[in-house]
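Could you give me a quick tour of this protein model? I'd like to hear about its main pocket and about the charged side chains that pair up.

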Amino acid sequence: TGLGDEPTIMPAVNQVQFHVGMGTDPGSIVSYCARRGVVVQAYSPLGDGRSRELIVGELVTRIGKANGKSGVQVALKYVQQLGLALVTKSRSKAHLLEDIDLFTWQLAPRDMRDLSTATTPAANYSFACSS
């Protein structure tokens with residue numbers, strides 16, 4: 001079924017591309033899922049691999065330095081602090097420990113605002129919506 005249709009079986013989780021640069025509710029998918037009790041799970045929380053902006057970019061690096069964290073931690077924390085589930089992947093024990101550290105600190109409201117209003121790297125919330 002399409003987003004406008006009411007499904008007969010509601011999914012528990014909707015996994016969509018979501019990261020800094022997409023706003024807080026791209027395509028209204030987050031609010032749509034929230035109204036229906038569906039958990040939004042962010043895949044590609046560091047972007048689609050074409051840009052390193054969410055790893056070493058100016059915005060995440062500046063916020064990271066102020067918090068004693070890496071740009072990656074800032075980008076992931078943004079998604080987690082919005083209340084979304086997220087998927088990470090790493091072969092590095094150090095990176096996995098950084099991921100676990102997401103639950104021990106908070107971004108300041110000013111930082112969340114700056115990250116929420118960032119417009120790059122832009123993306124579609126779902127691979128099915130690519131042009």
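Helix H5 gives the largest share of the lining of the largest pocket, with 3 residues. Keep in mind that this is a predicted model. Let's start with that pocket and then move on to the salt bridges.

**The largest pocket**

- The space inside the largest pocket comes to about 300 Å³.
- Two elements give two or more residues to its lining: helix H4 (71-81) and helix H5 (93-100).
- In total, 14 residues line the largest pocket. Those nearest its centre are Leu46, Val72, Lys89, Ser90 and Asp99.
- Sorted by class, the lining is a mix of 5 nonpolar, 6 polar and 3 charged residues.

**Salt bridges: the general picture**

- Side chains of opposite charge can pair when their charged atoms come close.
- In this model the count is 5 salt bridges.

**Arg62 and its partners**

- Arg62 and Asp114 form a salt bridge, and their closest N and O atoms are 3.6 Å apart.
- This pair ties together distant parts of the chain, since Arg62 sits in helix H3 (residues 58-67) and Asp114 in helix H6 (residues 109-117). The two residues are 52 residues apart.
- How buried or exposed are these two? Arg62 is partly exposed, with a relative accessible area of 37%. Asp114 is partly exposed too, at 26% relative accessibility.
- There's a third member here: Glu58, Arg62 and Asp114 are linked in a network of salt bridges.

**Asp101 and Lys69**

- Asp101 pairs with Lys69 in another salt bridge, where the closest N and O atoms are 2.6 Å apart.
- This one also links distant parts of the chain, but from loop to loop: Asp101 is in the loop between H5 and H6, while Lys69 is in the loop between H3 and H4. They lie 32 residues apart.
- Lys69 has a relative accessibility of 22%. That makes it partly exposed, because the buried class only covers values under 20%.

**Asp111 and Arg110**

- The side chains of Asp111 and Arg110 also meet in a salt bridge, at 3.9 Å from N to O. That still counts, because the cut-off is within 4 Å.
- Is Asp111 buried or exposed? Its relative accessible area is 4%, so Asp111 is buried.

Terms used: Residues numbered from 1 in each chain as written. Predicted model: local features only at pLDDT ≥ 70, side-chain atom pairs only at ≥ 80, totals over all residues. Heavy atoms only, no water. 1 Å grid on protein atoms, 1.4 Å probe; cavity = no way out; pocket = protein on both sides within 12 Å on 5 of 7 lines; lining within 4 Å. Points joined across faces, edges and corners; volume = space filled by probe spheres on them. Helix = DSSP H or I, 4+ residues; strand = E, 2+ residues; numbered from the N terminus. Nonpolar A, V, L, I, M, F, W, Y, C, P; charged D, E, K, R; others polar. Buried < 20%, exposed > 50% of the residue type's maximum accessible area, 1.4 Å probe, protein only.
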